[in-house]
Each structure stands twice: as C-alpha cells, then as structure tokens.
Amino acid sequence: KNIYEDPSQMTFLLEVGGNHSHAYGTQCFKISRDYSRTCCVKFPDFEDPAYKPDVHLAYISDYVDECLLAMSNQDWEKVCELIDVDSFIDHYIVQEVFANKDAFWCSIYFYKEPNGKLYAGPVWDFDYATFRVLDIVPANGEHLWYGELLQYPEFKAAVKARWSEHKTLFESIDGYIVHQAEMIRKSN
C-alpha cells in the first residue's frame with residue numbers, strides 16, 4: 001500500500017515561522033491559533049507527484065490545530081495523547097539555557113512519525129543564541145505553544161524535574177563558556 005494514500009502513515013517534518021508566503025497551499029499553512037504564523041512541511045517533499053496538498057497538508061494542518069486546541073482547552077489528557085511531552089520539555093530547556101532569541105518565534109521544528117505524536121525538535125537555528133555570555137540577553141516573546149504548556153502544573157513540574165536531572169551539566173558548560181569568553185575578551 002502506498003503511504004501517501006493515508007497521511008497518518010507518513011512522517012512529517014514541519015518548520016514553524018519563517019517567510020514562506022510563496023508556498024501557501026502547496027507546502028505551507030497558517031496556524032490560526034498561533035498568531036497566524038506559517039507552518040511549512042519540509043518533509044515529505046511537496047514536489048513529489050504523490051504528494052497531494054489537499055490531503056497531506058490538510059491532515060497535518062488539522063493535527064497541529066488539534067494540538068493547540070487541546071492546549072487552549074486545558075485538556076492535559078488530550079495534550080498528552082497528541083504531543084510527546086518529554087520532547088517539548090527538552091526543547092524548552094535547551095532553548096532557555098542558550099537564551100535563543102529565535103527559539104520561541106521562528107525556525108521551530110516539529111516532527112510527527114507515522115501513527116505517532118507530534119515531537120518538538122530537532123533544535124535548530126542557534127545563530128542568535130548564547131548572548132548571555134556577552135551580557136546581551138535578547139528579549140524573547142513567549143511562544144504560544146510553551147505559553148499554553150506552562151499553564152499546566154504537570155508540565156511545569158516535569159520541566160523542573162528534568163532541569164534538576166541536568167542542571168549540573170548545564171552549569172558546568174555555562175562556567176566553561178563564560179571562562180572562554182573572558183579569555184577571548186582579553187585578546188582584544
């Protein structure tokens with residue numbers, strides 16, 4: 001059976017944000033519940049003749065919308081059915097640790113496996129990251145997905161627990177980065 005016949009049997013890689021207005025209707029859709037930002041399908045290849053935007057784009061668009069609807073309805077059980085909460089926790093922590101200015105607004109990647117949940121990641125686009133080393137902390141607008149997820153005590157507790165597991169590692173990396181930044185500053 002051709003996997004293109006049933007979009008739930010396909011893998012999707014999505015990019016939220018960015019300027020892809022030229023591709024609406026073929027590989028991109030607006031996420032109305034997420035400030036009408038663009039979400040583009042990076043995989044499967046929209047130029048593949050078997051890719052049908054009216055079927056495949058509609059499926060993944062509806063799935064993303066269902067995720068955000070569950071979040072805004074405060075339906076934690078449904079949220080857990082639709083997204084991989086652990087991947088969202090790890091993604092959130094990495095972006096916060098690196099003070100990534102883009103993290104919660106553009107160049108956000110999600111993927112969905114066949115018959116699977118929506119995962120946050122892979123982490124991407126760190127060209128505006130680690131400004132805290134230079135004492136320049138960018139102003140982040142909170143990403144709607146995390147703004148919604150942080151309303152759940154279960155999500156907050158899971159973030160705190162995960163952070164506690166890895167805090168020492170991040171602190172040692174941070175100390176190393178700060179030390180190296182000071183060494184480099186002396187060379188000016």
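Biologist: Before we start, what does buried mean here?

Modeller: Happy to help, and please keep in mind that this is a predicted model. A residue is called exposed when its relative accessible area is over 50%, and partly exposed in between. Buried means under 20% relative accessible area.

Biologist: Thanks! Is Cys39 buried or exposed, then?

Modeller: The relative accessibility of Cys39 is 0%. Because the cut-off is under 20%, Cys39 counts as buried.

Biologist: And which class does Cys80 fall into?

Modeller: For Cys80 the relative accessibility is 24%. Buried would need under 20%, and exposed over 50%. So Cys80 counts as partly exposed.

Biologist: Which cysteine holds the sulfur closest to that of Cys39, and why is there no bond?

Modeller: A disulfide needs two cysteine sulfur atoms within 2.5 Å. The closest cysteine sulfur lies 6.9 Å from that of Cys39, which is too far for a bond. The cysteine holding that closest sulfur is Cys40.

Biologist: Which residue forms a disulfide with Cys40?

Modeller: The count comes to 1 disulfide. Its two sulfur atoms are 1.9 Å apart, and the link is right-handed, with 100° about the S-S bond. One partner lies in strand β2 and Cys40 in strand β3, so the pair ties together parts 12 residues apart in sequence. The partner of Cys40 is Cys28.

Biologist: Lovely. Last one: is Glu47 buried or exposed?

Modeller: Glu47 sits in the loop between β3 and α1. Its relative accessible area is 61%. Because the cut-off is over 50%, Glu47 is exposed.

Notes
Residues are numbered from 1 along each chain as its sequence is written. This is a predicted model: local features need pLDDT of at least 70, side-chain atom pairs count only at pLDDT 80 or more; totals for chains, interfaces and linings use all residues. Side-chain values use heavy atoms; hydrogens and water are left out. Helices (H or I, at least four residues) and strands (E, at least two) are DSSP runs, numbered from the N terminus. Buried means under 20% relative accessible area, exposed over 50%, partly exposed in between (1.4 Å probe, protein chains only).
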